[in-house]
Amino acid sequence: MILLLAVSGGIAFRHWEEFSSGKPKIAEPQMNRLSVEVTVEPDGNKLDIIQKITGFDHEKTYEAVYPKGISDIFCGSRNTCSETAGGIITLPENGEITFTYSIKAATEHGFLFLDDWLIGIRGVDTWKMKMMITDEKREGGTWAAGLPLKGHEKLDYVDYYVFEGDGSRPALYWENSKLEEIHSEGLLSFFAAGELSLKSVDFGSLGKLSHTIPFSVVCTSRDYELAGEGLLISSCTKSISKNLETKIAWEMLSLKNGTSADKQVMLEVLASLLTGKQAKSQKAQSMVRELKAGLSKDQIQAFLTGFLDDSSRISYKSMDHFLGAAAGMETDFFSENNKRHRGLIPLLFYKTKSLLLNDRKAGKVRVYIHEGKRLYKLLDLLGALGYKAKTKKPDIFLFNKRNESYEFQAESKIYHYNNEEYGVFNFPIVIINGEAYMEENIFQSIFGFRINETESELFLRR
């Protein structure tokens, strides 16, 4: 059987070398990466698989990661692979290795879905992949995968499929009905058994994701939803709902950036901004409202374009960078809201400027912008001006310098100067994330400073 598979795979490979379907090709980065060729042949209730990996560096040690449920594993020239041995790979001199194995693939319910079925290499997130399926057993059915379909040809008693692109462990799906590719946008493809309306889909947003992220959506008449790497199976026989569009955006973002728990809120926010659909969690909903209130539509679009055009994995820090670039200032909005157990930290933009007190350098200070108002963090600004700070209670702040003393309390229009009470029309301080901020005009009135500035400097004079 192993020899027969090798021959069948060779035939399929040569047959499809000459096939061209006009599909968009994924741009290859200018660096050496592992390449994988996978040949799949269904055989009853199992799949027989040959997985050839090339491009190994002889100066490195590699460890194979085996999926659950595989059997009859051989490495290279029929050497038995041992998962108990730690999966360390002994490479031949040509820098490539071939795994031959089988995996259970029962289809008694009329479909098959595999998400963890390929052998991986620990530490390798993505590789160039070509997958060929030679199916002589399942007539009348259709295969789909989490890689772009390069070609499909139905011959007498045999179906040939070739999928090709960048991936790691793309999901694999089969169902016992005929599916056709009805639309493709970049590397995003839709498959369905009949007519499917895509009028409601915002390809302006999903299309930008699809330039770098290969993804396939299979609309089935079956009542289930399945998701794996690069592949989403959903019940959508007539049209794509807004909920499904959001799900597609979420899965594509997760595929590019990972699904670790600390990224969940950020991915929710991005998916919501891309599709216009409400985010799931309360935290993400609040962040989206804050962004829409603090940014213009053009700024939000510039922010989305920034991260969509970036090929690297996003982080809270990089999101702050793209957000700041769109607004023309700096921000820590995503980083400050990283902790899911925290409440919402408001959207603050800032510019860092050199501080000059009576024309003498006094360090640097941030000028914050919040809801169109200019704010200063009191601890930083007064500290640079020589005041000593003390917190009496969580909501009482004291500042002292020589013969001056100030006391402020949150949500109080009364403050104390040298132990005497004074009142103002608005709350003199605003508490944001436990820190006391003061509006610029109130600061000038209470502390008696005149403030002027240039693009890079802030001048305080008394």
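The following conversation goes through some helices and loops of a predicted model and the terms used for them.

Visitor: What should I know about the model before we begin?

Guide: This is a predicted model in which local features need pLDDT of at least 70 and side-chain atom pairs count only at pLDDT 80 or more, while totals for chains, interfaces and linings use all residues. Residues are numbered from 1 along each chain as its sequence is written, and side-chain values use heavy atoms, with hydrogens and water left out.

Visitor: How many helices and strands does the protein have, and what makes a run count as one?

Guide: The protein has 10 helices and 31 strands; these are DSSP runs, numbered from the N terminus, of H or I over at least four residues for a helix and of E over at least two for a strand.

Visitor: Why is Ser168 called buried?

Guide: Buried means under 20% relative accessible area, exposed means over 50%, and partly exposed lies in between, with a 1.4 Å probe and protein chains only. Ser168 has 16% relative accessibility, and therefore counts as buried. Ser168 sits in the loop between β12 (158–167) and β13 (172–175), and, leaving aside residues up to four places away in sequence, it touches Leu118, Val124, Asp125, Thr126, Trp127, Met129 and Glu229, where contact means heavy atoms within 4.5 Å. Across the protein, buried residues make up 48% of the 462 residues.

Visitor: What makes Asn419 exposed?

Guide: The relative accessibility of Asn419 is 74%, so this residue counts as exposed. Asn419 lies in the loop between β26 (414–417) and β27 (420–423), and has a positive phi of about 70° although it is not a glycine. Asp359, in the loop between β20 (349–357) and β21 (360–370), also has a positive phi of about 70° without being a glycine. Most residues other than glycine have a negative phi.

Visitor: How do you know that the buried residues of α10 line one face of the helix?

Guide: In helix α10 (residues 440–447) the buried residues are Glu440, Ile442, Phe443, Ile446 and Phe447. Viewed down the axis of α10, they fall within an arc of 160°, so they line one face; the arc is that of the directions from the helix axis to the C-beta atoms. Just after α10, Gly448 takes a positive phi of about 75°.

Visitor: Why is α6 called oblique to α7?

Guide: Helix α6 (residues 297–308) and helix α7 (residues 316–327) pack at an angle of about 140°, with their axes 8 Å apart; axes are lines fitted to C-alpha atoms, for helices over the stretch in contact, and angles run from 0 to 180 degrees between N-to-C directions. Angles under 35 degrees count as roughly parallel, over 145 as roughly antiparallel, 65 to 115 as roughly perpendicular and the rest as oblique, and the angle found here therefore makes α6 oblique to α7.

Visitor: Which residues of α4 and α6 make their contact, and what makes these residues nonpolar?

Guide: The axes of helix α4 (residues 264–275) and α6 come within 11 Å and cross at roughly 120°, so this pair is oblique. Leu270, Leu273 and Leu274 of α4 meet Ile300, Phe303, Leu304, Phe307 and Leu308 of α6. By class the contact of α4 with α6 has 8 nonpolar, no polar and no charged residues, given that Ala, Val, Leu, Ile, Met, Phe, Trp, Tyr, Cys and Pro count as nonpolar, Asp, Glu, Lys and Arg as charged, and the others, Gly among them, as polar.
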